[in-house]
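Work through the exercises below with the sequence and the structure at hand. Attempt each task before reading its solution.

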Amino acid sequence: MAARDRFGAFPQEPNGSKLQRFIQGACDPVNFEPNLALNLEIADEINKRKGNAPREAAVAIVNYINHRNPNVSLLALNLLDICVKNCGYPFHLQISTKDFLNELVRRFPERPPARPSRVHLKILEAIEEWRGTICQTSRYKDDLGFIRDMHRLLSYKGYVFPEVRREDAAVLNPSDTLRSAEEMEEEERAAQSAKLQELIRRGTPADLQEANHLMKIMAGYDQTSKTDYRAKAAEEIGKLREKARLLEEMLGKVHKGETIGQQDTFEELASALKTSQPKIQKIIEEESEDPDAVVKLLEVNDVINTTVERYNFVKRGDLDSAKALPLMAGTSPSAAPPTPTTELSLIDLEDGANGGPSAPASGKPASLEDDLLGLSFQDSGSSSFGQGGGIALGFGANTGIPGPPLLSSTVETNTAGQQQHITPSTSPAPQVARQPPVFPNYFQNVAAPSTQSMAPFVSPSIQQTPVPPVPQNNGKNASNDDDDWAFTSSLPPEKPAPPPVSQNELVILNSNLHILLDIHRPVTMPDGPILVKAKFSNNASQPIQDLTFQIAVTKKLTLKMEPQSGRHLEARQRAGVTQIIRVSGVPRGGGGNVKMRWKVSYRVGAGPLNEEQGVVESLPVA
């Protein structure tokens, strides 16, 4: 234990880099309250240095959080909150790693105390705040999945999270500020640089492979992932124009004597339009070489000026002056707004299809070496960093938690970002076998529709009734018109036959992914748990990756899942991934009454993430 307390005594003299000296000064126990100016200066230093600075700061701060002096811990937690809210995705990526989260809760006991300390409450409040904001609203929320795992693990252990005020956490949600194309590109490149830094630092083969792919995107070599930032900026301008139209229609329905503009929707829309005007003027200067774009931007700027002026008149109660202003095209003061095809938010008007995390986009091809400046291949901190205490995330750990398995228990990586298996396709194009010059019977494969598709969760052995051959016509009874036609056909290649199913096996999915459950109960333990071995096969001609299988049972039963043997299946690979599942609490002879729900997600090649689910009505075991 003594070896783990690396900061048992506070250093008397500053040492290390400038950033570490700043952090040491901010967490000095002589401070009776947080030094806000120094904390903001530390955040500015992290944003200015970039490179390895976010990880260096995160490691130093979490070490001070585990200090014996609670005053030092509280000062470090306040500094951590400032960095999370001001340093963006590069710092968010560091606080979502297994190592950081394990160190953050290293001093948490296995069972929660009756009266938790202030330090424990602040840590719980921080995790609750992160889970409700950046883990749900960030464009890169897929990389922050381990924060959700830690929240779920602490809840399972019995810890109660304090309520977080929405006003305090609002700064972590994405802003509705208008951004130019250059600002979008700069933000994207900063996120890509941080991800590249972390991938190279870890240095596993899968990480280096993903880093190689990411460098191709950043250098502009991979044009398939290139993002048109000007088109995205045009979408933002369109949303701003839609806000102006909505405010115009709302102002047209205000009657004399009504009061508006007191912390309501009118004020929020008007404020969003006012704050966007300086940005529009900046974009006009940047797009000065495109006359068409300048004309459209000036038109939008005039519409915003008119709408804001009308809002000021209506707010003061001068409806006559408001009506004298020209109306926006397609808007009347008394007409009801057209019914939108999708539900529209009155606050941000964000399109749900564009709100999720987008694919990484390429940046300037000539500045890739600038993103590697300050890159450190050495780990910050000691070798024991990230081991955690009694509560920790890890591959194969925490398998007893009810419900779906934790993501951190199924992957070996330190961050939750999906690993990309970028392997060139080596499978040759399908070759058509040469057939001997005979006249085939093209109707021999036509059979009556099978009822197998009506029961997707039950897999009885299929018995096909042989179809009598169709008598061939030798042409003697055909009409003379048929002699002028020669029929040909091209049938699709047959799919590989699924493996045979025994009495205790159950096929629950047979699409691109084939899932077979091998179910049995040990003969020596007739009242023991039911053992289910899930076997995953690939029916597709492309590899399957990011495979995650989840299963649930009713509350009266107990479910325990061992980690998957892997998350990647090669093309046409049979039973390449397996997983053992134990179902306890089933009485002897009650296997037919067990009901389970399952859900699986996977990605075929470089395509989108597929999700499929279903229900197992009974288990073929006593």
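The exercises that follow concern a predicted model and proceed from the whole protein to one of its sheets.

**Exercise 1.** Determine how many helices and strands the protein contains, and what share of its residues is buried.

*Solution.* The count of elements gives 18 helices and 8 strands. A residue is called buried when its relative accessible area is under 20%. By this criterion, 41% of the 622 residues are buried. The accessible surface amounts to about 35,200 Å², and carbon and sulfur atoms contribute 53% of that area.

**Exercise 2.** Establish which strands stand at the edges of the open sheet of 5 strands.

*Solution.* Begin with the order of the strands, which is 1-2-3-6-5 with antiparallel pairing. Strand 1 (505–510) and strand 5 (558–561) each have a single partner strand, so they stand at the edges and one side of each lacks a neighbour in the sheet. On average, neighbouring strands of this sheet are turned by 20° against each other, direction ignored.

**Exercise 3.** Describe how each edge strand is joined to its partner.

*Solution.* Take strand 1 and strand 2 (residues 513–520): they pair in the antiparallel sense over 5 bridges. V507 has L516 in strand 2 as its bridge partner. The two strands form a hairpin, with 2 residues between them. Next, consider strand 5, which is joined by 4 bridges to strand 6 (residues 577–584) and runs antiparallel to it. Here M561 has I581 in strand 6 as its bridge partner.

**Exercise 4.** Decide whether strand 1 is mostly covered or mostly uncovered.

*Solution.* Count its buried residues: 5 of the 6 residues of strand 1 are buried. Strand 1 is therefore mostly covered, a residue being buried when under 20% of its relative area is accessible.

Methods: Residues are numbered from 1 along each chain as its sequence is written. This is a predicted model: local features need pLDDT of at least 70, side-chain atom pairs count only at pLDDT 80 or more; totals for chains, interfaces and linings use all residues. Side-chain values use heavy atoms; hydrogens and water are left out. Buried means under 20% relative accessible area, exposed over 50%, partly exposed in between (1.4 Å probe, protein chains only). Accessible areas come from the Shrake-Rupley method with a 1.4 Å probe; for residues, only the protein chains shown count as cover. Two strands pair if DSSP finds at least two bridges between them. Axes are lines fitted to C-alpha atoms, for helices over the stretch in contact, and angles run from 0 to 180 degrees between N-to-C directions.
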